[in-house]
Amino acid sequence: MRLRNSLLCVLLAISTAAHALEPSAPPVLAPLQQQAQAAHLSAQFLSRFHYKPVPLDDALAAKIITRYIKLLDPEKFFFTQADIDQFTAQQSKLDDAIYREDLQIPFSIFNVYQQRIVERLTYARELLKQGFDFTQKEDYSFVRDKEPWPATTADSRELWRKRVKNDWLRLKLAGKKDQAIRDTLGKRYENSLTRAYRYKSDDVFQIFMNAYATSIEPHTDYLGTTAAADFDISMKLSLVGIGAVLQERDEYTTIRELVAGGPAQLSGKLAVGDRIVGVAQGEKGAMTDVVGTRIDDVVKQIRGAKDTVVRLDILPADAGPDGKHKLISLVRNKISLEQQAAKKSIITTKNGDVTRKVGVITLPAFYEDFDARRKGDKNFRSASRDVAALLADLKKEKVDSVLIDLRNNGGGSLTEAVDLTGLFVGKGPIVQQRNARGDVNVEGDDRPTPAWTGPLAVLINRGSASASEIFAAAIQDYGRGIIVGEGSFGKGTVQTMVNLDELTHNDKPKYGELKMTIAQFFRINGGTTQLRGVTPDISLPGFSDTEAFGESSYDNALPWSQVKAADYVPYGDLKNLVPQIQSRHDARVEKNKDFQRFVEDVNELNVQRKKRIISLNEADRRAEMAQQEARIKARGKADGGGANDKNGDADADLNRPDDGLQANERSLSADIAAEKALKNAKDVLLNEAAQILGDESDLLKSNVKFAVQQPPAAAQK
């Protein structure tokens with residue numbers, strides 16, 4: 001949500017020739033009466049019924065203006081400091097203006113924004129007529145969110161000179177000739193310039209209301225009538241598509257979430273943050289460049305008939321300025337419960353003379369077939385029911401322990417989280433929920449005995465959120481199993497959709513909808529999963545960018561808090577065993593070459609993420625490329641292959657840098673490290689989690705008081 005939201009817009013034709021006439025001023029946009037009424041109604045509702053009610057006053061108005069400006073120009077490429085001073089001088093009037101149903105302030109800001117786009121991109125196109133000296137020693141700050149605004153128009157032009165020079169150098173390093181570079185960048189800048197003429201009042205209002213809603217807290221949002229009506233099609237692709245939640249970020253259609261069981265998630269080829277550069281139909285269709293294209297048009301190209309092929313040109317999330325693209329082929333399909341369903345596997349571990357069978361249950365989501373349940377089908381599918389069946393199968397296969405893999409499980413049904421926990425702890429409280437009035441409700445399971453009483457571990461990462469955190473926290477609080485992996489996301493809040501038209505008894509959509517936070521989750525020990533998430537007992541390295549992903553990455557997330565602990569009886573204090581398990585883990589991974597290589601890649605990625613400046617000197621850039629190529633070759637030899645191993649050149653034909661307006665660039669080494677981490681994460685981390693579970697089993701056997709075969713009597717009340 002902290003990223004810039006989708007700007008849906010109307011196409012207006014303008015010249016596409018690189019030598020077109022000077023663009024005319026973009027249209028001046030004005031608010032509609034129903035938009036002003038919707039803003040007033042939203043303000044009344046949010047200030048009274050939100051979990052964290054915040055009055056619309058001068059303080060909130062200042063935050064709204066700041067966030068609105070950030071949504072429009074997050075990398076500070078368009079506005080100058082003089083513009084910002086002009087905007088902030090009006091912020092104390094915004095709250096009163098909304099209550100008067102006057103939206104001239106946000107619309108006037110947007111009209112300046114449109115004009116600045118035209119000015120900056122017209123200048124960028126002029127720069128393409130000349131060449132650049134790449135022997136000069138100068139740097140370019142490509143991550144600009146913390147940089148100051150350009151003080152003057154001259155400073156802004158200098159910033160754009162470096163930006164265009166960097167775009168040119170990226171293509172030059174890819175082997176393109178000057179005229180091809182001019183044509184490529186000219187088209188790309190033309191597409192971006194065109195956008196300034198596409199916006200309409202609905203777009204402005206949507207962005208502004210998002211700024212308002214997310215200024216209260218990150219998971220509160222506003223959907224205008226168009227956005228609400230098109231949500232499934234334009235964002236979720238829930239009909240027939242690739243199964244991804246998309247959003248617009250810096251001219252790119254970017255993957256915000258992979259839907260569990262969808263073609264994109266099942267392929268293993270896409271990741272959150274990947275950018276869609278091109279779309280092609282079928283195995284041989286021409287690739288259409290979509291950078292700068294409005295998101296709903298991109299969605300229309302991605303969606304299509306079931307069982308047909310769509311090909312995507314992808315710029316990976318952490319691809320550097322000279323990183324390569326990936327060509328992905330996906331078969332369109334509907335998302336089904338079968339594809340989302342829990343799956344089992346068995347890992348055999350060996351420690352000395354002891355061999356163990358670890359049953360692994362991978363759960364991508366806390367799903368439930370609501371329709372079948374509502375119809376009274378006694379055999380409806382759900383996560384807890386499927387896991388119960390898998391546990392019965394694993395018992396027959398005589399596994400020694402069970403590992404629940406919740407990595408990248410973003411949540412789902414609260415009921416399923418409670419029922420799943422009951423499979424391992426039996427009867428007792430599972431989670432607490434506090435509403436806006438301060439009332440606390442304890443939810444628990446009434447299963448008389450657990451379905452599995454043997455050794456247990458839960459594997460999580462930064463992508464484990466909401467229901468996943470409820471389950472992992474309860475297992476940890478009961479002392480029922482060891483939590484392994486990265487710290488989880490930290491989303492401990494509950495949202496609901498409020499239809500403003502239903503509230504005002506409108507026959508037709510007019511005011512839109514609010515997605516509003518109404519409650520907060522708490523662990524049975526009294527602490528919340530909000531913000532801090534679940535801290536693993538044994539930490540494993542991960543490639544998540546904690547500064548950009550997770551609840552703590554939001555500057556206005558609800559704080560951690562606590563309530564009274566629920567009445568529950570732990571199985572035992574497994575934390576007393578953690579130091580011994582940690583010691584065994586440390587000794588083992590120190591000798592594990594695959595694990596150490598994974599750690600190396602993660603460390604390299606974290607180093608590259610901190611880089612915010614890149615050289616505009618061609619020799620320096622080529623030296624960096626050579627250094628990274630040498631690193632790849634060295635890693636290939638160490639892996640027993642060479643530079644061209646089985647993954648090395650799969651996309652050699654797309655080994656070219658992105659040729660558009662740059663997004664959040666990282667160096668090539670970040671691209672390499674991220675790709676390596678993604679490829680190795682499942683085997684390295686899952687295998688080590690299984691070994692850790694083996695250590696837990698050993699120690700439980702030697703500490704009889706922890707080897708609980710049935711829940712304590714007090715827990716069965």
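Accessible areas here come from the Shrake-Rupley method with a 1.4 Å probe. With that in hand, I looked up the surface of the protein chain in this predicted model, and I noted an accessible surface of about 30100 Å², of which 50% belongs to carbon and sulfur atoms.

**Entry: the whole chain**

I recorded 21 helices and 19 strands for the protein chain, and I found that buried residues make up 56% of its 717 residues. I then turned to the contacts with a separation of 6 or more, and noted that residues 24 or more positions apart account for 79% of them.

**Entry: the six-stranded sheet**

I followed an open sheet of six strands, whose order is 9-10-11-14-15-18 and whose pairing is mixed. Which strands stand at its edges? I found strand 9 and strand 18 there, each with a single partner strand, so that one side of each is left without a neighbour in the sheet.

Working inward, I looked at strand 10 (residues 354-362), which pairs with strand 11 in the parallel sense over five bridges, and I noted that T362 stands opposite D405 in strand 11. Strand 11 (residues 401-405) in turn pairs with strand 14 in the parallel sense, over four bridges, and here D405 stands opposite L459 of strand 14. I therefore place D405 opposite T362 as well as opposite L459, with buried meaning under 20% relative accessible area in what follows.

Strand 14 (residues 456-460) took up the next page, since I wanted to know how well it is covered. Five of its five residues are buried; L456, V458 and I460 point one way from the strand, while A457 and L459 point the other way, and all are buried. On from there, four bridges join strand 14 to strand 15, and these two strands run parallel, with I460 standing opposite G485 in strand 15. I traced the connection between them as well: the chain crosses from strand 14 through helix 16 to strand 15, and I recorded this β-α-β crossover as right-handed.

**Entry: T349 at strand 9**

I picked T349, which lies in strand 9 (residues 343-351), that is, in a strand at an edge of the sheet. Is T349 buried or exposed? Its relative accessibility is 2%, and because the cut-off for buried is under 20%, T349 counts as buried. Leaving aside residues up to four places away in sequence, I listed what T349 touches as V354, T355, R356, V358, A690 and Q691.

**Entry: the loop after helix 16**

I went back to the loop between helix 16 (467-477) and strand 15 (482-485), where G479 has its place. G479 is buried, with a relative accessible area of 11%. Which residues does G479 touch, not counting those up to four places away in sequence? I found Y571, G572 and L574, and for G572, which is 93 residues from G479 along the chain, I noted a C-alpha separation of 5.3 Å.

**Entry: aromatic pairs**

I counted 16 aromatic pairs. Among them I noted F45 and F49, a tilted pair at 4.8 Å centre to centre with 50° between the planes. Both residues lie in helix 1 (residues 33-49), four residues apart, about one turn of the helix. F45 counts as buried at 15% relative accessibility, whereas F49, at 40%, counts as partly exposed.

A further pair is Y478 with Y568, whose ring centres are 5.4 Å apart and whose planes stand at 75°, so the pair is edge-to-face. This pair links distant parts of the chain, 90 residues apart: Y478 is in the loop between helix 16 and strand 15, and Y568 is in the loop between strand 18 (538-539) and helix 18 (578-590). I found Y478 and Y568 both buried.

I also followed one aromatic cluster, formed by F77, F78, F79, F87, F110, Y113, W149, W160 and Y199. Where do charges sit with respect to the ring of F77? The charged end of R144 sits over the ring, 5.7 Å from its centre, and R163 lies over the face of F77 at 4.1 Å from the ring centre.

**Entry: helix 11**

Last, I checked the cover of helix 11 (residues 295-302), and found six of its eight residues buried, so this helix is largely enclosed by the rest of the structure. The buried residues I wrote down are I295, D296, D297, V298, V299 and I302.

How values were computed:
Residues are numbered from 1 along each chain as its sequence is written. This is a predicted model: local features need pLDDT of at least 70, side-chain atom pairs count only at pLDDT 80 or more; totals for chains, interfaces and linings use all residues. Side-chain values use heavy atoms; hydrogens and water are left out. Buried means under 20% relative accessible area, exposed over 50%, partly exposed in between (1.4 Å probe, protein chains only). Contact means heavy atoms within 4.5 Å. Rings of Phe, Tyr and Trp (its six-membered ring) pair if their centres lie within 6.5 Å; planes under 30 degrees apart count as stacked, over 60 as edge-to-face and the rest as tilted. A charge sits over a ring if NZ of Lys or CZ of Arg is within 6 Å of the ring centre and within 35 degrees of the ring normal. Two strands pair if DSSP finds at least two bridges between them. A crossover is right-handed if, with the strands pointing away from the viewer, the path from the first strand over the helix to the second runs clockwise.
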